Amino acid sequence: MFTEKEKNFWQKLPKPFFVLAPMYDVTDAAFRKIIAKYSSPDVIFTEFVNVDGLCHEIGREKLLPHLWKDVSEGHVVAQIWGKDLKNYEEIARQCVEMGFSGVDINMGCPEKSAEKQDACAKLMIMPEKAVDVIEAVKSGVGGKIPVSVKTRIGYSSENINNWIGLLLEQNIDALTVHLRTRAQMSKVPANWDYMKKIVSMAKNLDTKIIGNGDVKDVNDAREKVKQTGVDGIMFGRAVFGNPWLFRHDNYIPSVKEKLEVMVEHTQIFEEMFKGIKNFAIMKKHYKAYANGFPNATSLREKLMSCNSYEEVKKVTYDFLNKNYKTEI
Ligand SMILES: Cc1cc2nc3c(=O)[nH]c(=O)nc-3n(C[C@H](O)[C@H](O)[C@H](O)COP(=O)(O)O)c2cc1C
């Protein structure tokens, strides 16, 4: 058990706590800054970033923007993946220097290109390597920041006893379980029935358990905590177009406010990433922001052909003036 002095940040969070999921090309530093401004998750994960690329001169320049962060974000955990144990160790060491609150190892992503590197979900069927990766990352952080893992309930089928059991033997600080197998990808609903068992397996450990998969909002999250006893909930897709998600009052913004924040998000994205990330990334967000209100389709169509902050601003304010004048 930790003494009071040794407690890491995971141990000091409220129960339940709410976490922003890592989502590649979605939860970049711009979106995270907007989310932190409008609703403050307890913990924020970066998109996953490849340790082998980061240890390579050319790859490093391209990948470092994935690790940019803003002080307003609070506890930011860097999520890493890769092939080479030495690179895991080196990047974990650098994450301490960069001021991350923790390092998380991706052991759940089903992408074929990642699995070819004997990484991510593939580690579920390479348990010895999974243990070595955890050891390498622990060695890199040298006890200065906590180490966590994000995974699924199994590879081809549910394998909680062996796989989750093995991870819980590694004395990690937190474990996020996406309640689907690798084979299920995202095609079936997450199965929260397994969570009670995982929580009971971790009962006497210092490992915080985080549940993930299909959680809609804070009310839904609280219900799942009540049913399963899990320590924290991680939200992924529910945050699309909804940076207010982590507010504890299930706040619903007006159309005007939502679209103004969309424009602000675009401005931050352009300021941070012009010439670095493709503007097409913002279009995923527009599909979510410009949705669920009268005439949203016509706005969405116009946004899809925008390629800069100025264009998005003009299209959005023209739309608001025409359709929502009374709200302005
Ligand atoms: C666009 C997208 C990108 C993702 N990128 C990552 C990633 O980089 N690392 C990771 O561990 N999971 C990643 N995931 C999985 C999510 O973190 C999460 O586990 C999954 O979406 C299920 O949670 P949800 O139902 O709340 O969305 C990604 C998911 C999506 C939709």
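Select helix H2, residues 29-38, in this predicted model, and colour Ala29, Ala30, Phe31, Arg32, Lys33, Ile34, Ile35 and Ala36, which are the buried residues of H2. Because 8 of the 10 residues of this helix are buried, H2 is largely enclosed by the rest of the structure. To see what does the covering, add strand S1 (17-20), strand S2 (43-50) and helix H11, which are among the elements that lie over the buried residues of H2. Before leaving this region, step to Ser40, just after H2, where the backbone takes a positive phi of about 50°.

Next, keep H11 (residues 255-273) on screen and add helix H12 (residues 280-289), whose axis comes within 11 Å of that of H11 and crosses it at roughly 175°. Since angles over 145 degrees count as roughly antiparallel, H11 and H12 are therefore roughly antiparallel to each other. Show the side chains of Lys258, Leu259, Met262, His265, Thr266 and Phe269 in H11, which meet Met282, His285, Tyr286 and Tyr289 in H12. The residues of this contact divide into 6 nonpolar, 3 polar and 1 charged.

Finally, zoom out and colour the chain by its domain assignment, which gives domain 1 as 10-239 and domain 2 as 255-327. The centres of the two domains, taken over C-alpha atoms, are separated by 30 Å, and the contact between them takes 11 residues from domain 1 and 11 residues from domain 2. Which classes of residue are found on the side of domain 1 that touches domain 2? That side has 8 nonpolar and 3 charged residues, with no polar residues.

Note on methods:
Residues numbered from 1 in each chain as written. Predicted model: local features only at pLDDT ≥ 70, side-chain atom pairs only at ≥ 80, totals over all residues. Axes fitted to C-alpha atoms, helices over the stretch in contact; angles between N-to-C directions. Helix = DSSP H or I, 4+ residues; strand = E, 2+ residues; numbered from the N terminus. Parallel < 35°, antiparallel > 145°, perpendicular 65-115°, else oblique. Contact = placed C-beta atoms within 7 Å. Nonpolar A, V, L, I, M, F, W, Y, C, P; charged D, E, K, R; others polar. Domains from an automatic or database assignment. Buried ≥ 20, exposed ≤ 12 C-beta atoms within 10 Å, placed from the backbone.
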